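Me: Here is a structure to look at. Please go through it with me in short questions and answers.

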Amino acid sequence: MIQETFVASNPTQAYDLAVKKYGTSISLISARQIKYDDGVLRSEITIEVSTEIYTQVSLGKKIINENDVETSTQIKELQAQLTSMKNEIHQEIQNEHKIIAKVKALFIKKGISPHWLESMFRTLVGTDMIENETLLVSYLLEEIDVALKVKEENLTQPKMIMFVGSTGVGKTTTIAKIAARYAYLLEQEYKVALVNLDTFKVGAIEQLNHYSDIMQIEHIVVSDVDAFKETLEKLSNYDVILIDTTGMSPYDTEKFVQTTQFVKNDSARDMEVSLVLPATVKYEDMEDIYQNFSFFNLTSVVITKFDETKHLGSLLNFMLLYNLPMSYFSVGQEVPDDLLVADKEYLLERFIGDIDAG
Ligand SMILES: Nc1nc2c(ncn2[C@@H]2O[C@H](COP(=O)(O)OP(=O)(O)O)[C@@H](O)[C@H]2O)c(=O)[nH]1
Ligand SMILES: [Mg+2]
C-alpha cells in the first residue's frame, strides 16, 4: 500500500483530487486543516492506495477495475455485432436493389411499362420475393398472367361481331378464318354471314368475295346505315354475323364517325366490337389506338401477326394497361389454319422465351 497526501482549499476538493487520480478504490487515512506559511488555511487529506493502482497511474495507464474490464469487453462485442449487422443489412439492401434493378431493366427492355413494374415492386417490399431473381421474375410473370383477360368463346348464343382497326392489320383475313371456323371447323356447323362495310379499300369487296365464294357463305356489301339495318334484319336467322370495316388510322375522324353510326343500331342482337391489333404494334402508337378505338366500346381484342415478331412486351403492356379481354390470335396468313382461340399460356410462353433470351 502507498500513502499520498492531497491539498486543497477544503477537504472535499482534496478528496476529489485523490479520486480523480486513483479512482474510488482508495481509503482515507487522515484529514486536517492547516495554516500554511503564506497565512492561507488549507485542507490536507492523506489516502492509501494499492501498489498496483499506484504503479498503473505512475506508468500513465488508465485505471480500470475488474468490472470495467468486463463492461468494456461487452461493449466491444456489442459494437462488433452492430457493425456486422449493419454491414449485413447494407449488403442485403444492396443485393435487393441490384436484383430489383436487374429484373426491372429486363422487363422494361421487353416493353413492360415502368409504371406497372413499380406498382408491383411496391407491394413486394419486405418480402422474400425481392431477394431472389428467379423468384421475382416468376412472380411478375404470374402477375401478368393474372392481369391478362381472355374472352371465352361462346358457342351457344347467336353472335354479331364488328372488327375495327387500322388498315392492313389483318381484319379481313381474320374474319375469313373465324367464318371458316364457325361454318366448318367446329363440332357443329353454324350459319355464318359476312357483312362488308369496307367499300373504301381497293379490292376489299373482292378479297372477302374470294373467301365467301370458296366457303359458300353469305357475303353482303353495305354502304349506308339504312341498308345495314335492313341487312341485319334479313340475317336474323344466322348464328354468326361477322362485320368487316374500313381500316381507320386513329386520326381518321371522319371514318370513325361514319363507323360509329353502324355500331349504334337497334338490332335485336348485341353487337360486339373487336379491336384488331397486330402483335407488331409500336409502343408509342398504342395509346392513340386505344383512345380512339375505345370510342366503340370495345368488347375484345384480336391479336394478329404473332408470326412476325418475337417481342411481345409492348403488346402485353397494352393488355395490362387497358384490361381488354383477348378473343382470337392470328399466327400467320393461311386461311383458315392460322387462327387460335386466345390463350394466355401461348402469349406468356412466347414472352418468357423472349425474357430468357435476355
Ligand atoms: N404474317 C401475317 N400476315 C397476316 C396475318 N394476318 C393478316 N396478314 C396479312 O396482312 C395483310 C393485310 O391483311 P388484311 O386482312 O387485308 O388486313 P385489313 O386491311 O385489316 O383487312 C395481308 O397480306 C394478310 O395476308 C398474320 O397473322 N400474320
Ligand atoms: Mg380489310
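**Cores and ligand shell**

Reply: This is a predicted model, where local features need pLDDT of at least 70, side-chain atom pairs count only at pLDDT 80 or more, and totals for chains, interfaces and linings use all residues. Residues are numbered from 1 along each chain as its sequence is written, while chains are lettered from A and ligands numbered from 1 in the order in which they are written.

Me: Leaving aside its neighbours within four places in sequence, which residues is I241 in contact with?

Reply: Contact means that two C-beta atoms, placed from the backbone, lie within 7 Å. Neighbours of I241 within four places in sequence are left aside. The partners are M160, A193, V195 and L235.

Me: Which helix gives the most to the largest nonpolar core?

Reply: A nonpolar core is a set of buried Ala, Val, Leu, Ile, Met, Phe, Trp, Tyr and Cys residues joined through C-beta atoms within 7 Å. Buried means 20 or more other C-beta atoms within 10 Å of a residue's own. The largest core has 65 residues, and I241 is among those with the most contacts inside it. Its top contributor, with 6 residues, is helix 6 (a DSSP run of H or I, at least four residues).

Me: How many residues of the shell around ligand 1 are charged?

Reply: Helix 6 gives the most to this shell too, with 3 residues. Asp, Glu, Lys and Arg count as charged. The shell also has 2 nonpolar and 11 polar residues. The charged ones number 5.

Key. Buried ≥ 20, exposed ≤ 12 C-beta atoms within 10 Å, placed from the backbone. Helix = DSSP H or I, 4+ residues; strand = E, 2+ residues; numbered from the N terminus.
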